[in-house]
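Please look over the model below before reading my points. They are short and can be checked one by one.

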Amino acid sequence: MTEPSPQPVDDHSGQPHEADRLRDILRSPGYVKILVYSALIGVPVSLIAFWFLVGLHELQHTLWADLPHHLGWDTAPWWWPLPLLLIAGVLVGLIATRLTGGGGHIPAGGLHAGATSPATLPGVVLAAAASLPLGAVLGPEAPLIALGGGLALLFRRLTRIPGTPQTTALLGAAGAAAAIAAIFGNPLIAAVLLIEVSGIGGPQLFAVMLPALLSSGIGDLIFTGFGHWTGLETGSLNVTLPAPLPRLDPADVLWTILIALAVAVLLHPVMAAGRRVAAFVSGGVLPRTVLCALGAAACAALYALITGRTPADVALSGQAALGELAADPQAWAVGALIAVLVLKSVAYALCLGSLRGGAIFPAVFLGAAAGVLLAPLPGLGAVPAMAAGMAASTAAVMRLPVSSVVLVVLLLGSSAMIPIAILAAVISFATTELLPTGTRLPAAPHTKEQAADAGGPQAAGAP
C-alpha cells in the first residue's frame, strides 16, 4: 500500500500553501453544491426583486405624478408630502410593533449582510412599500439585501440543504447579491458591496486596502497628468469610448481634497442625528415614528414653499432628482441647491431613525448636489465636482470606500473620474472614521427563527 503524498507546505511557515487550500475548497463536494445552488437561486431572487422594484416604482409614480395630475396640478403641491408621510409613519409604526422582525433593520445602523430569517420577509416588504413610495428619504437597497438573503434561506429550506453557519452565510450573500444587482444594474457593484458589508477580513482589510486604494489613485493621476502634459504614451490596456471624456486638471485634484473633507464633516452630524432619532423612536415606536415622518414631510413642504419647486426634490430617495440634476444642473438656482442640501439632510436624518429603507440613494444625491453647488469654484469642472461629491458622501455614509468608488464610476459611465472618486472616497472615509462615533444603536435581539437560520443555538445567544 503506497503512502499518501505529502501535502505541499509553505517554505517559511510549514503550513499548506494558500493556493492548495483554495484548491481543496473548490474541489470539495459541499462547495460545488453551494456554487450550483447559488447559480440557481439567482433566477427566482432576481425575478422577485425585479417585480418588487417595479411595484415600488409604479406606486411612487402613481402617488407623486399621476394622482396630482388627475387632481389638476402639474406637479405635487407643497403640502402633498404631509398626508403621504403621515400614512407612512402610521403603517411603519404598526409593522414595527406587530410583525416579526420589526419591518427590517433601522437604516441608521447601516447595511447588513447577515442572514435574514424568512419569517421577517413579510414585514420587510410591507415596511418598504409603506416607506419608499410615500416619500421616505431612503433607498430600496437595504430591503433588497434582506429580501434576497431571506429568499435564499427560504429556498434552502425547501431543498433541504443542511443549515450550517457556512451555508447560511454563503447562500445569504448569494441571494442578497442577486437582489442588489437589480437596483444598481450591475453585478460588479453588488459583489464589491457585499464583500465590504460582510466585513471579511475585519478592520485589517480596511487598514491594508486604504493605502493600496489611495496609492493606485495617485499613481493613476500621475500617469494621466504626465501623459496629458508631455504628449508621450506608455501603452496600456484600454477601450476607447466614442464620447469625449473630461480631463482632470491640478485644480480638480486640489478642490477634491477640500470637498471630501467638507462633505465628511457635514454628513457626520447627519448620520449621528439619525442614530439619535432611532434611539428616540425606540421609546415609543408608533407615535414617535409618525412624528418623525411628519417632520420629514414638513421639510419637503417648506422646501417647496421656499423654492417653488416640487417637494419630491426633498422627499423620496433622490433617484429621479439625481437624473434631473445631472442632465440640467443650470436649472437649479444656488438658493434651491442650498435649500435642498439643508432640508433633505434633516429629512434624511429623521427617516434614517424611523422609517425603513436604505441610506445610499439619498447620500449619492446630496453629494451630487454639493458638487453642482461648488462646481463654479475656480478651475473646478462640473463632472469632477459631482464625482468628488458623490464619492465623498457615499463613503461617509456607507463606510465602504471601494464600493463608493465603483458605484460612482458606474453612475458616471466613465473611467476618467476614477482618480477623483478614489481620492474623495479615501479622504472622506478616513475623516469619518477619525470623527467621534456618538450614539450607537442597540443590537436587535435574535428571534428563534433567526437563530435556526444562523446555524444553531450559539447564534441565538448572540447579542
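**Notes on cysteines, core and helices**

1. The sulfur of Cys299 lies 8.7 Å from the closest cysteine sulfur, that of Cys351, which is too far for a bond. A disulfide here is a pair of cysteine sulfur atoms within 2.5 Å, and by this rule the count is zero. Cys299 is buried, with a relative accessible area of 8%. (Buried means under 20% relative accessible area, with a 1.4 Å probe and protein chains only.)

2. For Cys351, the closest cysteine sulfur is in Cys292, at 8.6 Å, again too far for a bond. Cys351 is buried, with a relative accessible area of 0%.

3. This is a predicted model: local features need pLDDT of at least 70, side-chain atom pairs count only at pLDDT 80 or more, and totals for chains, interfaces and linings use all residues. Residues are numbered from 1 along each chain as its sequence is written, and side-chain values use heavy atoms, with hydrogens and water left out.

4. Helix H14 (residues 382–398; helices are DSSP runs of H or I, at least four residues, numbered from the N terminus) has 17 residues. Of these 17, 15 are buried, so H14 is largely enclosed by the rest of the structure. Arg399, with a positive phi near 60°, follows H14.

5. Which residues does Trp64 contact, leaving aside neighbours within four places in sequence? With contact meaning heavy atoms within 4.5 Å, the partners include Trp80, Leu84, Pro133 and Leu316.

Terms used: Helices (H or I, at least four residues) and strands (E, at least two) are DSSP runs, numbered from the N terminus. The expected span of a helix is 1.5 Å times one less than its number of residues. Buried means under 20% relative accessible area, exposed over 50%, partly exposed in between (1.4 Å probe, protein chains only).
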